[in-house]
Amino acid sequence: MVVVAAIDESERASRVADEAAKLAAAFDDELHVLHVFERSKLVDVLEVTLDEEDVTENYEVQQAADRIVGSATDAVEYPVTTVVRVGDPVKNIVEYADGVDARYIVIGGRKRTPAGKALFGSVTQKVMLNADRPVVNAAGSS
């Protein structure tokens, strides 16, 4: 099976990757580290517009994802498969995990007040509510 670590570019990404690696090692599963670019962010990263192209196959997109995943997995001593998607993070995380029949989704939420959660929502919260498999919130104290 597969453990999917869904990371962003925050300090939490390393903690998520580390927790996912521990789970993958415990079950002798593959570790897939997934980064989802929102399309608007992707245009900022690449400074170009990609029309009608499968952007996940684009060299620059893959290089940007490799950099983000590499930074998050520097201390991980477990084989990692880098996965990049573009679009809505919640939809892409849930669909990817379903597609690979993931044992776990590991994600890192940040601390928010109850009002902040109600007003702004949370990718972590939405993944937990929409996934058909266990979701591990690797949030720490930060």
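In this predicted model, Ala 6 has Leu 34 of strand E2 as its bridge partner. Strand E1 (residues 2-7) and strand E2 (residues 30-37) run parallel and are joined by six bridges; two strands count as paired if DSSP finds at least two bridges between them. Residue numbers start from 1 along each chain as its sequence is written, and side-chain values rest on heavy atoms, with hydrogens and water left out. Because the model is predicted, local features need pLDDT of at least 70 and side-chain atom pairs count only at pLDDT 80 or more, while totals for chains, interfaces and linings use all residues.

The pairing of E1 with E2 belongs to a wider picture: five strands make an open, parallel sheet in the order E3-E2-E1-E4-E5. At its edges lie strand E3 (80-86) and strand E5 (135-137), each pairing on one side only. From one strand to the next, the twist averages 25°.

Helices accompany this sheet. Helix H1 (residues 12-27) lies across E1, E2, strand E4 (104-107) and E5, and runs at about 180° to E1. Helix H4 (residues 89-99) lies across E1, E2, E3 and E4, at about 155° to E2. Such angles run from 0 to 180 degrees between N-to-C directions, with axes fitted to C-alpha atoms, for helices over the stretch in contact (heavy atoms within 4.5 Å).

Altogether, the protein chain holds six helices and five strands, taken as DSSP runs (helices H or I, at least four residues; strands E, at least two) and numbered from the N terminus. Their order from the N terminus is β-α-β-α-α-β-α-β-α-α-β.
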